[in-house]
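Welcome! Take a moment to look over the sequence and the model, and then we will go through a few features together.

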Amino acid sequence: MSVEAYGPSSQTLTFLDTEEAELLGADTQGSEFDFTDFTLPSQTRTRSQGQSQSQLDSQVNGPDRLQNGDDSLLKASQLLAELNFEEDEEDAYYTKDLPLHACSYCGIHDPACVVYCNTSKKWFCNGRGNTSGSHIVNHLVRAKSKEVTLHKDGPLGETVLECYNCGCRNVFLLGFIPAKADSVVVLLCRQPCASQSSLKDINWDSSQWQPLIQDRCFLSWLVKIPSEQEQLRARQITAQQINKLEELWKVWQCNCRSTHPHCTMYIF
């Protein structure tokens, strides 16, 4: 291959000699760029630099600023250690050990709000919670119980709800009739007592008979309904959980009766 393939022969190439340093723009390998001091700084030099830095900090921040900052931090730590955090009285009221008359579903234990089931030996409140009916009515329906007793510290005292005329204790049949003259009420069952013609001769108006359970709750003058705030603070339980709990109680009661036939305590 000829040289002319790379360009016309009239053009000549000029090569510079690298030894001619004066023709180059910079000599980065010159002796003035050599670094020969590879020794570590001495302790005296380091101490002097530290003192200089401290003097500089004192000039900028003031001589007592660092010490004052440490004192403030120490005082804050002491104050924090002296703080005694205690639970709120209302919160502790619902987290402490519950009494025996607490609702077996949600834990509400206001004596005016709870009812005792004479069959299962358990207490339940008159609040709905997350269910369509009150807890006591839910339990009575699922456990097929009918007899209840009010708490001794409630407004009406320890009272077994029963018909004044015949002594029927089926709360799903019981109702009340206000007396015409006195500010009292009389508990009567729907059948047959409330419909008897003999009541017309007494100081009662049988046409005003009303059931004790309305809208799946006991009447509020008979059993107080817990406030919304109390129900929100109580244990939250759903209808599905109530069903499972009732099934567990039934199994436990069956086992207890089979092993202890004379046992009358069926508290889960």
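Let's start inside: P111, A112, V114, L150, H151, G154, P155, L156, G157, L222 and V223 line the largest cavity of this protein. Please keep in mind that you are looking at a predicted model. One of those lining residues, L156, also helps to make a nonpolar patch on the surface.

**Cavities**
- The largest cavity has a volume of about 60 Å³.
- Counting cavities of 30 Å³ or more gives 2.

**Following L156**
- Where does L156 lie? You can find L156 in the loop between β3 (148-150) and β4 (174-178).
- L156 is partly exposed, because its relative accessible area is 43%, and partly exposed covers the range between under 20% (buried) and over 50% (exposed).
- On the surface, L156 joins V185 and W221 in a nonpolar patch of about 260 Å².

**The fold as a whole**
- The protein chain holds 6 helices and 8 strands.
- Reading from the N terminus, their order is α-α-α-β-β-α-β-β-β-β-β-β-α-α.
- If we look at contacts between residues at least 6 apart in sequence, 55% of them join residues at least 24 apart.

**Surface and interior**
- How much of the protein chain is buried? Of its 268 residues, 28% count as buried.
- The accessible surface of the protein chain adds up to about 19200 Å², and carbon and sulfur atoms account for 52% of that area.

Methods
Residues are numbered from 1 along each chain as its sequence is written. This is a predicted model: local features need pLDDT of at least 70, side-chain atom pairs count only at pLDDT 80 or more; totals for chains, interfaces and linings use all residues. Side-chain values use heavy atoms; hydrogens and water are left out. Helices (H or I, at least four residues) and strands (E, at least two) are DSSP runs, numbered from the N terminus. Buried means under 20% relative accessible area, exposed over 50%, partly exposed in between (1.4 Å probe, protein chains only). Contact means heavy atoms within 4.5 Å. Accessible areas come from the Shrake-Rupley method with a 1.4 Å probe; for residues, only the protein chains shown count as cover. Patches are made of residues with over 30% relative accessible area and no salt bridge: like charges are joined within 9 Å, nonpolar side chains (Val, Leu, Ile, Met, Phe, Trp, Tyr) within 5 Å. A salt bridge is a side-chain nitrogen of Lys or Arg within 4 Å of a carboxyl oxygen of Asp or Glu. On a 1 Å grid over the protein atoms alone, a cavity is a set of points where a 1.4 Å probe fits but cannot get out, and a pocket is an open set with protein on both sides within 12 Å along at least five of seven lines; lining residues have an atom within 4 Å of a point. Grid points are joined across faces, edges and corners, and a volume is the space filled by probe spheres set on the points.
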